[in-house]
Amino acid sequence: MRRFWEWLPARVDRRVIAAAWATLAVQVGIVGTGGLVRLTGSGLGCPTWPRCTDGSFVPTPEMGIHGVIEFGNRTLTFVLVVVAILMFLFVVRMRRRRRDLFWLSLVIGLYVPLQAIIGGITVLTNLNPYVVGLHYFASVVLVSLATVLVARVYAAPGPRVRAVPRWFALLAHLTSALVLITVVVGILVTGSGPHAGDGGAARNGLDPEFMQHVHSWPAYALLALTLVLVAASWRTDPALRLRLWTGLLLAVEAAQIVVGLWQARTGLPIVLVNVHMVLAVLLVAAMTAVVMHLTASAGVVQEDPAYAGSVHAAPAGR
């Protein structure tokens, strides 16, 4: 045990960075496999939970491809658990010096089984569209937390302060609110459309054509604010790399809009809808990255004259 403890990282090294990126990758990946389950009508491929059938934990040959797809998505949950455990072990030794990484990895690790339980409830409620939407939104939260984790492994420890002008920070937070609204409305649109996850699953009763228009309103407002954010990022300190992160946000939004319009005009093909679902969580990740780079280490800010006039002494968190 002593050798194992000494083998664990005492500071952020390549293992910690790799585990953080793996955490983000698997959280995005399970959105893709979960979308495949729903879009292929395999939501009840394994009709019960936690078993696949009443007498088996794995799909039987009689269940066909739908059972394989659903069981494959459930299996990926165990990958998430393994990655979460590794991430936690890699930061536990530095828990006093890097409390941010310790608590982030702990919350993500505890959130993964909660997400699995919500997934089980979706099966037990015969794919109730609102429970399915909650299941997807839980993944949105996990992707955001994983993005925060990735950002913090590269950040200096200790208190942080706002490193951009107040107006820029407010603009970024307003943009992030529009991201949230766009994603939530998108979940409602999906709940009203044809991809229920199973032929007998209920829909939420909303008019899908009208909801598509409603979904576009915050999306286009988000695009407009993002364009302002990208232009304004050129007035921030280059060390924050906000030009990169706002540019990435704009690129994801552009791809999301193209795919959204394409799928709406081609009858919602499975491939495009699945890409649209994955792009939605990537949008959340990009927005989270922008917000995370609004602050900088308090020590760096105090020593760098480039931040003069952009910050206040109030800490933005640890």
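Axes here are lines fitted to C-alpha atoms, for helices over the stretch in contact, and angles run from 0 to 180 degrees between N-to-C directions. Helices are DSSP runs of H or I with at least four residues, numbered from the N terminus. The model is predicted: local features need pLDDT of at least 70, side-chain atom pairs count only at pLDDT 80 or more, and totals for chains, interfaces and linings use all residues. Residues are numbered from 1 along each chain as its sequence is written, and side-chain values use heavy atoms, with hydrogens and water left out.

**Stop 1: α5 and α6**

Select α5 (residues 129-153) and α6 (166-192). Their axes come within 9 Å and cross at roughly 145 degrees. The crossing is right-handed (the near helix is turned clockwise from the far one by less than a right angle; anticlockwise would be left-handed). Now show the side chains in contact (heavy atoms within 4.5 Å). From α5, pick Pro129, Tyr130, Gly133, Tyr136, Phe137 and Val140. From α6, pick Leu180, Val183, Val184, Ile187, Leu188 and Gly191. By class, this contact has 10 nonpolar, two polar and no charged residues. Ala, Val, Leu, Ile, Met, Phe, Trp, Tyr, Cys and Pro count as nonpolar, Asp, Glu, Lys and Arg as charged, and the others, Gly among them, as polar.

**Stop 2: α4 and α5**

Keep α5 and add α4 (residues 99-124). The axes come within 10 Å and cross at roughly 165 degrees. The two helices are therefore roughly antiparallel (angles over 145 degrees). α4 passes α5 in a left-handed crossing. Their contact has 18 nonpolar, five polar and two charged residues.

**Stop 3: α6 and α9**

Return to α6 and add α9 (270-292). They pack at about 165 degrees, axes 10 Å apart. That makes α6 roughly antiparallel to α9. The crossing is left-handed. On α6, select Ala172, His173, Thr175, Ser176, Val179 and Val183. On α9, select Ala280, Leu283, Val284, Met287 and Val291. This contact has eight nonpolar, three polar and no charged residues.

**Stop 4: the largest pocket**

Select Val189, His215, Gly260, Gln263 and His276, which lie nearest the centre of the largest pocket. A pocket is an open set of points on a 1 Å grid over the protein atoms alone, where a 1.4 Å probe fits, with protein on both sides within 12 Å along at least five of seven lines; lining residues have an atom within 4 Å of a point. The space is about 890 Å³, counted as that filled by probe spheres set on the points. The lining has 34 residues: 17 nonpolar, 13 polar and four charged. α6, α7, α8 and α9 each supply at least two. Finish on α7 (208-232), which gives the most, with nine residues.

Definitions and conventions. Parallel < 35°, antiparallel > 145°, perpendicular 65-115°, else oblique.
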